Amino acid sequence: MAAAAALQAFADRLNLANRLEAFRDRRWRPAAAPRRVLHLEDVSGIPFLTDIAGVEEYEHRARVRARAGDLYATETPPDPDYETYCGQRLGLGPVHWLGADCGPAPLALARGCCANAALDRIVAFAREAGGLTIHPYLATDDVWTLAGRVAAAAAVPVAVLGPPPPVTWIANDKAFFGELVGLVLGPGWIPETRAATTVPGCVDRLRELAPSCTRVGLKRTRCASGTGNLVLDAAQVRTQAPAATAAVVRRFLARTEWRTPEPVLVVAWETAASSPSTQWWIPAATAGEPRLDGVYEQILSGAGQRFVGSRPSTLPVPVNRALANASRRVAAALQTLGYVGRCSFDHLVLGDPHAEFTLRFTECNGRWGGTSTPMHLVDRVVSGPRPRYRGQDFVHDRLQGLAFGEVLERVGRHAFDAGTQTGRYIFYNVGPLAEHGKLDVIALGGTQAEAEQALRADLPRLLGL
């Protein structure tokens with residue numbers, strides 16, 4: 001009861017009920033389930049993704065969510081070999097493709113879909129189908145604006161399968177999400193965190209945390225994949241002059257284009273035994289409880305812990321159970337606030353996972369992402385229980401300029417075939433291949449060790465690398 005009252009007070013403070021009213025007519029409800037769908041991998045709501053090689057081609061990830069007869073939009077055209085691969089080899093069926101001209105903002109796909117030619121095509125598609133669901137990567141204001149324009153022009157029902165923007169940013173803003181976790185679960189469920197809105201404030205907060213930490217960090221509140229993190233040695237912060245720390249902070253804030261008064265989070269950067277994520281599907285409040293779709297171990301790289309891939313959890317059952325139980329309560333709170341759709345939580349496991357351990361929440365991904373997309377694809381194409389696998393980006397300079405069809409030829413019978421349920425490798429996000437030598441790979445195995453071997457050793461050999 002106390003948590004429910006605190007959650008209501010949180011919603012009231014944010015004036016959530018009144019702010020959600022503007023989105024009422026486009027909100028997704030179970031009655032919209034049979035409608036045709038427009039899939040949009042518009043990543044423009046997440047800052048600094050331009051630092052990720054080939055991110056302008058990530059919009060093609062929407063293809064693997066589309067069902068037969070659905071529509072997906074991108075700015076760059078699909079690779080014909082990859083379209084054949086998705087439709088036939090993976091058995092995803094034929095879909096419709098829409099080209100959108102995004103002009104000077106190539107990641108702003110929803111805005112590109114509002115341009116005349118693209119909008120006319122979407123309107124015709126919606127009118128012919130008698131209604132439309134727009135299923136975005138991230139449910140931003142631009143997506144909801146597109147839904148309103150299509151509904152007005154087509155005169156048919158149009159819904160967004162995602163949360164209204166005020167709730168989108170409760171989930172995806174690390175400051176709001178940390179507050180939500182505290183309201184639902186109580187203290188101790190997030191790393192020690194303080195906020196600052198100035199460079200001197202960041203320095204003061206870092207120096208306050210440093211005496212009790214090995215490392216301390218700064219986090220921008222709306223970044224993803226570790227792009228908005230800075231990790232510092234606490235001993236250095238303790239001993240160096242405040243002006244030296246201020247110079248480091250100032251460079252970080254300049255690099256990440258920080259603007260006041262957005263808070264910067266100053267955190268105790270804890271050393272974890274594992275960094276798992278819990279993957280959720282949150283239906284409309286009238287359609288049942290949130291569904292846990294899996295617990296995953298994240299594969300992170302570098303001091304800033306950038307995400308590069310994931311695998312189904314190999315953690316002990318008590319850890320997985322504790323993660324599920326705690327995150328279920330947070331997912332239910334988001335549902336109460338109006339969240340709908342794909343969602344995941346990132347965690348830390350501190351201590352010994354096989355003995356005494358402590359869990360933390362670090363952030364929420366209120367969107368599709370690097371773990372949920374391959375998870376969903378595996379569940380679509382692999383029959384029976386979900387297999388062991390490792391999914392991650394695969395980058396090599398000798399792949400630059402290679403056509404996707406050539407990748408399939410080199411892998412041969414080891415490329416997974418949904419019809420025969422044979423093969424070990426599933427490919428997606430192949431757009432960055434030609435320019436960056438980069439694509440995403442799911443390696444299947446009878447055991448986790450086999451999946452790891454398939455990706456780390458066997459695939460480079462098959463590709464001739």
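The following paragraphs describe the fold, the two sheets and the internal spaces of a predicted model.

Residues are numbered from 1 along each chain as its sequence is written. In this predicted model, local features need pLDDT of at least 70 and side-chain atom pairs count only at pLDDT 80 or more, while totals for chains, interfaces and linings use all residues, and side-chain values rest on heavy atoms, with hydrogens and water left out.

The protein contains 16 helices and 17 strands, where helices (H or I, at least four residues) and strands (E, at least two) are DSSP runs numbered from the N terminus. Its C-alpha trace spans about 60 × 55 × 45 Å along the principal axes. The radius of gyration is 22 Å, which agrees with the value near 23 Å for a compact globule of 465 residues; this radius is taken over C-alpha atoms, and the globule rule is 2.2 Å times the number of residues to the power 0.38.

One sheet is open and parallel, with five strands in the order β3-β2-β1-β4-β5; two strands pair if DSSP finds at least two bridges between them. Its edge strands, β3 (96-99) and β5 (158-160), each pair on one side only. Neighbouring strands of this sheet are turned by 25° against each other on average, direction ignored. Angles run from 0 to 180 degrees between N-to-C directions, with axes being lines fitted to C-alpha atoms, for helices over the stretch in contact. Three bridges join β4 to β5, and T133 stands opposite A159 in β5. Helix α5 (residues 116-129) packs on the sheet, touching β1, β2 (71-74), β3 and β4, and its direction makes about 155° with that of β3; contact means heavy atoms within 4.5 Å. Helix α6 (residues 141-154) also packs on the sheet, where it touches β1, β4 and β5 and makes about 170° with the direction of β5.

A further open sheet is antiparallel, its eight strands following the order β14-β13-β10-β11-β12-β15-β17-β16. Because β14 (357-365) and β16 (425-428) stand at the edges with a single partner strand each, one side of each is left without a neighbour in the sheet. Neighbouring strands are here turned by 30° against each other on average, direction ignored. Four bridges pair β16 with β17 (residues 438-445), and I442 in β17 is the bridge partner of I426. Helix α13 lies across β10, β11, β13, β15, β16 and β17, running at about 125° to β16.

The second largest pocket holds about 350 Å³ of space. A pocket is, on a 1 Å grid over the protein atoms alone, an open set of points with protein on both sides within 12 Å along at least five of seven lines, whereas a cavity is a set where a 1.4 Å probe fits but cannot get out; lining residues have an atom within 4 Å of a point. Of the 18 residues lining this pocket, H39, R67, H135, L161 and W281 are the closest to its centre. β1 (37-40), β4 (132-136) and α13 (372-381) each supply at least two lining residues.

The structure also holds two cavities of 30 Å³ or more. The largest cavity has about 70 Å³ of space, and of its 16 lining residues the closest to the centre are P136, Y137, L161, G162 and R367. Both β4 and β13 supply at least two residues of that lining. The second largest cavity, with about 30 Å³, is lined by E41, V43, V55, E56, Y58, E59, P106 and L107. Volumes are the space filled by probe spheres set on the grid points, which are joined across faces, edges and corners.
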